[in-house]
Amino acid sequence: MPDCAMVDQDRKEDGVDAIRTFRRLRSDKRGATAIEYGLIAALIVIAMMAGLSTLGGGANGMWGKLATRVGAVM
């Protein structure tokens, strides 16, 4: 059976390792930068989709008129 003092020491060391890991992760800014770039890219895509859906109706009407005129000539 393990000695209780050794078990307590292992738990303390695990806690210290967890705190060190947490501090290291908290000071690491690379992940935050990647998330920011991802959010910016998502906003650009949303803006493009909104713009294209707005312009899409006008382009559809233009191609419809062109098809009607070409059909009338032929």
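How far along helix H1 (residues 4–27) are arginine 20 and aspartate 17 separated? The two residues are three positions apart in that helix, a separation of about one helical turn. In this predicted model, their side chains meet in a salt bridge. The protein as a whole has two helices and zero strands, and 0% of its 74 residues count as buried.

**Salt bridge**

- A search of the whole structure finds one salt bridge.
- The partners are arginine 20 and aspartate 17, with an N to O distance of 3.9 Å.
- This distance satisfies the criterion because a salt bridge requires the side-chain nitrogen to lie within 4 Å of the carboxyl oxygen.
- Arginine 20 has a relative accessible area of 57% and is therefore exposed, the cut-off for that class being over 50%.
- Aspartate 17, with a relative accessible area of 43%, is partly exposed.

**Nonpolar surface patch**

- A nonpolar patch on the surface is formed by Met62, Trp63, Leu66, Val70, Val73 and Met74.
- Together, these residues have about 720 Å² of accessible area.
- One of the members, methionine 62, is located in helix H2 (residues 30–73).
- Methionine 62 is partly exposed, its relative accessible area being 46%.
- Methionine 62 is eligible for the patch because membership calls for a relative accessible area of over 30%.

**Overall surface**

- The protein exposes about 6900 Å².
- Carbon and sulfur atoms supply 68% of that exposed area.
- Of the 74 residues, 0% are classed as buried, a class that is reserved for relative accessible areas under 20%.

Notes: Residues are numbered from 1 along each chain as its sequence is written. This is a predicted model: local features need pLDDT of at least 70, side-chain atom pairs count only at pLDDT 80 or more; totals for chains, interfaces and linings use all residues. Side-chain values use heavy atoms; hydrogens and water are left out. Helices (H or I, at least four residues) and strands (E, at least two) are DSSP runs, numbered from the N terminus. Buried means under 20% relative accessible area, exposed over 50%, partly exposed in between (1.4 Å probe, protein chains only). Patches are made of residues with over 30% relative accessible area and no salt bridge: like charges are joined within 9 Å, nonpolar side chains (Val, Leu, Ile, Met, Phe, Trp, Tyr) within 5 Å. Accessible areas come from the Shrake-Rupley method with a 1.4 Å probe; for residues, only the protein chains shown count as cover.
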